[in-house]
Amino acid sequence: MSTEASEPDQLAALPPGLAARLIAFCEELRAEGLSVGTSEILDAFEALEAVPWTEPADFRETMAATLAKSQEDRRIFELLFDRYFFRAAEAEALRQGISEQRHDGMGQIDLDELREAVRQAIADGRDGEMRDLARLAIEAFGRRGEGSGVIGVDVQRIRRTLGLQTQGRAQTEDEVLTLDRESLNQFERHLRRELERDLIERTERMPPSRPLADLDRALPTSPSQDLAAVHRAVAQLKRRLATLGHEQRGRRRSSVVDVRRTMRASLETGGVPLRLKHRPRRPRRPEIYVLCDVSTSVTSASMFFLSVLHALHDSFRKLRSFVFIERISEVTDVFSDERDFRAISSKISSEGGVADVSGYTDYGRVWLEFLSEISEDLDPRSTVIVLGDARTNGREPHAAAFAQVSRRAGRTFWLNPEPKLYWNYGDSVMSAYEPHCDGAFECWTTRHLETFVNVIAGGVVPAE
Amino acid sequence: MGETAAPDSVADVRKALAVVGYLADESASLVSYLAQQLGKPVLVEGPAGVGKTELAKALSRATGRELIRLQCYEGLDEAKALYEWNYRKQLLRIQAGSQQMPATSSAPRPGAAGSGADEVAPDDSGSWTEVQEDIFGEEFLLTRPLLRAISTPTPVVLLIDEIDKTDQEFEAMLLEVLSDFQISIPELGVIEARTRPIVVLTSNNSRELTEALKRRCLYLWLDYPEVEREMEIVRLHSPELDEKLTRRLVEVVHMIRALDVKKPPSIAESIDWARALLLLGADDIDRDVFDKTMSIIVKHRSDLELVAERVGVKLDAEGKLDLGRAGPR
């Protein structure tokens, strides 16, 4: 319990309006799902008295330390912090009629020179310069009349014209100025911000505030996206899986008394007091069968799923994995032989032998094959996890075969990369399979994944 | 060691930590400063080997406070963390008491043989409360880390290490200690902290901690340091190492961390590697040196293969490049 109350005189120490701003900011954090309680807000205010609020870095860190209590929260905090205080500053500027100086006197800006300067600034990672150059670049484009008015489009256009590329895609290998992704992103953020500022100044009103798009938080699914991003999402999962089952081993109410050990221990005290000794609980180590759809309809998600598979392999000893499109194929060996994820995914696509003729998923055939070839190994301790969208391309779903599989296995789970809204829409036959699963989950954000991990770790299925 | 007064600014904390050999980054020093100013516990999360525990130790050295450490593990309970009654001693006390007792109270017993049990009772109850008060005194209390941290007259740094290893019940038990700095012992009453300890909780994030616990803490995420800072850290621990070599070493370590290895090398391992290179008298990290010493930073069989392949090849290529640049010598 925090005993400090936010008395008016305490707030008076802060510049007028700041307290209100901060509370409004906290409101936005709450709207994005951070659990910011009153006690957190009080903490933040208390902390701000110890730290000079005029130091931007300290101010931000202080707020983060008191308000954002996990790494995920911190990421959202950063996004919101930037946006909120940018908007606040702009709104104030708008109210007071301040606008940025135009670089009219500069005449024509030489595009090549600008390009070189931008590259240099990005390569050196000089933040302030990047910002100035972003402004210049926007000016130059405004003059050429190429602005589309849509910020996202403009950013990409400017980037392309300036010829900014990341290391991976740079054509000339030995070029000194290959740019690393992080700094390039930074420059893009500046571009975006300056364009936004321009827009506000031009239209003289604030664009409506939108909640963070789900997209910002969704799993990185598009194959063109950096694989590292996928892996970062899985890294967290990996850590949890590594300790999976362990936390269940603590004292439990329903544990069995170990008579022998109790007797021995009681000798020490002659029976008074008698300390009950319990048998340690063995963690449940499930045998897991993972079936992963790698067809085109889930291309975006399968990359992610494969890396989940990859992570799972590190954490479970008894794990057999399969990929399927039209047919099913076991890839357990590929995972145990190869460490590198890229090699695995290419190996799977070359040797998997899962696409037969059409390349369209045939769930029905997959179940029949799985049932006849593998299902004999299933026993009540095994867990079957299916990763797929249940889109059969109009073919027979053979739900009975799936039901048989799920009867043999102890537990069956289905992870669907599509939001629940799209289930059973079009050729999705989720409803045919769902009743036979112990749980069917939509899985397109890390949070979904974590819920699922909790479940296979022996936790309870949360009511949604 | 005299206890230093509360620091005046973030820069002071940073300096004090640097003096005792911990190069804190911006957020670590800020949160340490806040922890001392506000008297709030700090929850430090981050990958293994980024110096979470070291931060607590450095804080203890920097402030001249004693460090009390509670290492958490599965099944840790309050008897190990808070306090425990020393029942052996209590038994002894009772036995010692009952041996004295017969001398004084055995006399009326034979006389009242018939209703002995009833008559003894009132007489006994007096000594019973006496004994009870006696055996539940502080003398018979075994203090465990948490109680010790709270009851010491001099302020301390309390490190609760790897809190994520315990179960949720234990976390709940911590709440009283962390928010009010007090412990209730049913037989003794509430023991309040005489001084406010600096509390550091570390977590490897292997499970989500409860909201209630997080709510009471300042949050600090420690990550692997930037190249520049890690260089400083390595140089602090082995200053004899050539600067160019240090940079090379740190860059290689960063390269390995960027790979998807099972156990990324920690800062401590960079330092170990630097020491090993010093001992070997290496003046550059080339393929040969790397292959020989790799096992210091990479500790998984499959990782060894991956790293040897990826980083080794890069070192080879760079070696050639260097030769080409330097020209014939």
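How many residues lie between β6(B) and β7(B) in their hairpin? Keep that in mind as you open the viewer, and remember that you are looking at a predicted model.

**Stop 1: the hairpin in chain B**

Select residues 182-185 of chain B for strand β6, then residues 189-192 of chain B for strand β7. The two run antiparallel and pair over four bridges. Now for the opening question: three residues sit between β6(B) and β7(B) in the hairpin. To pick out one of the rungs, click S184(B), then V190(B), its bridge partner in β7(B).

**Stop 2: chain B as a whole**

Zoom out and colour chain B by secondary structure. You should be able to pick out 15 helices and nine strands. Chain B has 329 residues, of which 33% count as buried. Take the contacts in chain B between residues at least 6 apart in sequence: 78% of them join residues at least 24 apart.

**Stop 3: α11 against α13 in chain B**

Next, select residues 227-237 of chain B, which make up helix α11, and residues 267-280 of chain B, which make up helix α13. Their axes come within 9 Å and cross at roughly 50°, which makes α11(B) oblique to α13(B). Turn the view until you look through one helix at the other, and you have a right-handed crossing of α11(B) and α13(B).

Show side chains for the contact. From α11(B), that's E230(B), I233(B), V234(B) and H237(B); from α13(B), it's I267(B), S270(B), I271(B) and A274(B). Sorted by type, the residues of this contact between α11(B) and α13(B) come out as five nonpolar, two polar and one charged.

**Stop 4: α12 against α13 in chain B**

Keep α13(B) on screen and add residues 243-258 of chain B, helix α12. Here the axes are 11 Å apart and the packing angle is about 135°, so α12(B) and α13(B) are also oblique to each other. As α12(B) passes α13(B), the crossing is right-handed.

On the α12(B) side, display L245(B), T246(B), L249(B), V250(B) and V253(B). They meet S270(B), W273(B), A274(B) and L277(B) of α13(B). This time the split for α12(B) with α13(B) is seven nonpolar, two polar and no charged. Notice two residues you have already clicked: S270(B) and A274(B) are part of the contact with α11(B) and of the contact with α12(B).

**Stop 5: the sheet in chain A**

Jump to chain A and show its strands. Six of them form an open, mixed sheet in the order β3-β2-β1-β4-β5-β6. At the edges are β3 (328-330) and β6 (439-442) of chain A, each with a single partner strand, so one side of each has no neighbour in the sheet. Going from one strand to the next, the twist averages 20°.

Inside that sheet, select β4 of chain A, residues 382-387. β4(A) pairs with β5(A) in the parallel sense, over five bridges.

**Stop 6: F413 in chain A**

Finish on F413(A), which belongs to strand β5, residues 411-416 of chain A. Is F413(A) buried or exposed? Count its C-beta neighbours inside 10 Å and you get 23, so F413(A) counts as buried. Across in β4(A), click I385(A): F413(A) is its bridge partner in β5(A).

Beyond its neighbours within four places in sequence, F413(A) is in contact with I385(A), C437(A), D438(A), G439(A) and F441(A). For a last distance, pick the C-alpha atoms of F413(A) and E434(A): they are 9.0 Å apart, with 21 residues of sequence separation.

Terms used
Residues numbered from 1 in each chain as written. Chains lettered and ligands numbered in written order. Predicted model: local features only at pLDDT ≥ 70, side-chain atom pairs only at ≥ 80, totals over all residues. Axes fitted to C-alpha atoms, helices over the stretch in contact; angles between N-to-C directions. Parallel < 35°, antiparallel > 145°, perpendicular 65-115°, else oblique. Left-handed = near helix turned anticlockwise from the far one by under 90°. Contact = placed C-beta atoms within 7 Å. Nonpolar A, V, L, I, M, F, W, Y, C, P; charged D, E, K, R; others polar. Buried ≥ 20, exposed ≤ 12 C-beta atoms within 10 Å, placed from the backbone. Pairing = 2+ DSSP bridges.
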